[in-house]
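Open the model in your viewer and keep the selection tool at hand. The stops below go from a sheet to a helix and then to a ligand site.

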Amino acid sequence: MSPQSPTVSEARLLSVLDTAVDGIVVIDERSRILIFNKACEELFGLTAAEVAGKGISVLMPPEFAHGHDFWVNQYMATGVKKIIGIGREVRGRHADGTIIPIELSVGECRTPEGRQFIGIIRDLRSRKAVEQRLNQLQAQLVQMARVNAMDEMGAAIAHELNQPLTAVMLYLQALGRKLEAGVEDGSVEAATVEIVAKTRREAERAGAIIQRMRHFVEKREPDRQPVEVAKLVDEALELTMLGHDGAGIEVVRDIAADLPALDVDPVQIQQVLINLIRNGIEAVREREDRWIRIAAHVDDGRLLIEVEDSGPGIPKNTVRDLFKAFATSKKSGLGLGLAISRSIAQNHGGDLLVEPGGAGRGATFVLTLPLEATPVARAE
Ligand SMILES: Nc1ncnc2c1ncn2[C@@H]1O[C@H](COP(=O)(O)OP(=O)(O)OP(=O)(O)O)[C@@H](O)[C@H]1O
Ligand SMILES: [Mg+2]
């Protein structure tokens, strides 16, 4: 541990230093290592014998080593302290080349052999890991705040656009009627009427999309009411297939007859179905064989709604994080669809599960909902 053979009292001091959790290194005026305790040996992967008498810069990344020599010389010449008695975060270098963040406090003492500097070194790696995790969480929070802001903006836009759009549709209706009268007396061509009718249909479509956006971004407590499963599924299909008419996706609807009515928030459950169907459409878009199957049946006192597709299925390594917020493989995806959907399902006393498929099979998402309302809900 010490370059020279120590005296008894020195040996005692050294063995005490060896019990310290922090690294302790003592150097002389010319930055040569005199003492190097066990904690240092572990931290830097070097033995005391290996570093004895060597310059302290062997423990530093090269870019710091140069600066260190400079500051020591500067201190010797001017007495200006850059680190002594202050302590700061610096970088150390392990024997294998790994750079280690460390906190270094330096003290100075005068001995008969000249000045010596005592460095106390604390490994900051675990603290760094915690800090990194905190940074990650913070970034996630920022992203969530952004999503929130987007939600609010989306709701505001939907609200603001709804009125002028309704007015446009009404004007177009009125114009259509006037033109039809014109066709009868020969002053207007039938093609003109058709153009106006098409314009109106597109405006209606825009209205439907905005309506969906509004529902999609609305956040509120479940507002339970009796609803028909088939109606929920049909409406969800209608809303999601808007704009996909030409994509050649076959929709198979497999709803059992005589299903009991559900006691759910129709808007929220529809949002779940829309998310699942939309994911299905996105999964099959590039496939040769494009279909989505929606099935609903009762099983063991629960209602099961399955959304299956002919897509590639879900890779094993992504299944675990699938329902986590911001887990997405899509360029423009938010990775929120499944996270929101599962929390809605669970809020209703149900769940959302996945059979990942793969190897020629597409994914199947299964939404389960209790048919009997929970006692808590009944007691209300
Ligand atoms: N039917 C499916 N087939 C294959 N992969 C799927 C399917 N559904 C979801 N995934 C995968 O799960 C990920 C998360 O889906 P989720 O709906 O939560 O987010 P997203 O679709 O990426 O974005 P958005 O928030 O717009 O819905 C998707 O990015 C996709 O990789
Ligand atoms: Mg999605």
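The tour covers a predicted model, one selection at a time.

**The sheet**

Start by selecting strands β1 to β5. They form an open sheet in the order β2-β1-β5-β4-β3, with antiparallel pairing. Look at the two margins: β2 (33-36) and β3 are the edge strands, each pairing on one side only. Viewed across the sheet, neighbouring strands are turned by 35 degrees against each other on average, direction ignored.

**From β2 to β1**

Select residues 23-28, which are strand β1. This strand runs antiparallel to β2, and 3 bridges join the two. To find the register, show Val25, whose bridge partner in β2 is Phe36.

**From β5 to β4**

Next select residues 114-123 for β5, and add β4. The two strands pair in the antiparallel sense over 10 bridges. Their hairpin leaves 2 residues between the strands. Which residue of β5 is the bridge partner of Val106? It is Gly119.

**From β4 to β3**

Keep β4 (residues 99-111) and add β3 (residues 88-93). This pair is also antiparallel, with 6 bridges. Glu89 has Glu103 of β4 as its bridge partner. Now move to the connection: the hairpin of β3 and β4 has 5 residues between the strands, and Gly97 takes a positive phi near 95 degrees there.

**Helix α7**

Leave the sheet and select residues 229-241, the 13 residues of helix α7. From its first C-alpha to its last the helix reaches 18 Å, close to the 18 Å expected at 1.5 Å a residue. Colour Val229, Leu232, Val233, Ala236, Leu239 and Thr240, which are buried. These residues lie on the same side of α7, because they cover an arc of only 135 degrees around the axis. An α-helix has 3.6 residues a turn, so residues three or four places apart point the same way.

**The shell around ligand 1**

Finish by centring on ligand 1 and showing the 20 residues around it. Which of them come nearest? They are Thr328, Ser329, Gly333, Gly337 and Leu338. Then highlight α8 (266-284) and α10 (337-347), each of which supplies at least two residues of the shell. The largest share comes from α8, with 4 residues. Colouring the shell by class gives 9 nonpolar, 9 polar and 2 charged residues.

Conventions:
Residues numbered from 1 in each chain as written. Chains lettered and ligands numbered in written order. Predicted model: local features only at pLDDT ≥ 70, side-chain atom pairs only at ≥ 80, totals over all residues. Near = placed C-beta within 6 Å. Nonpolar A, V, L, I, M, F, W, Y, C, P; charged D, E, K, R; others polar. Pairing = 2+ DSSP bridges. Expected span 1.5 Å × (residues − 1). Buried ≥ 20, exposed ≤ 12 C-beta atoms within 10 Å, placed from the backbone. Arc of directions from axis to C-beta. Axes fitted to C-alpha atoms, helices over the stretch in contact; angles between N-to-C directions.
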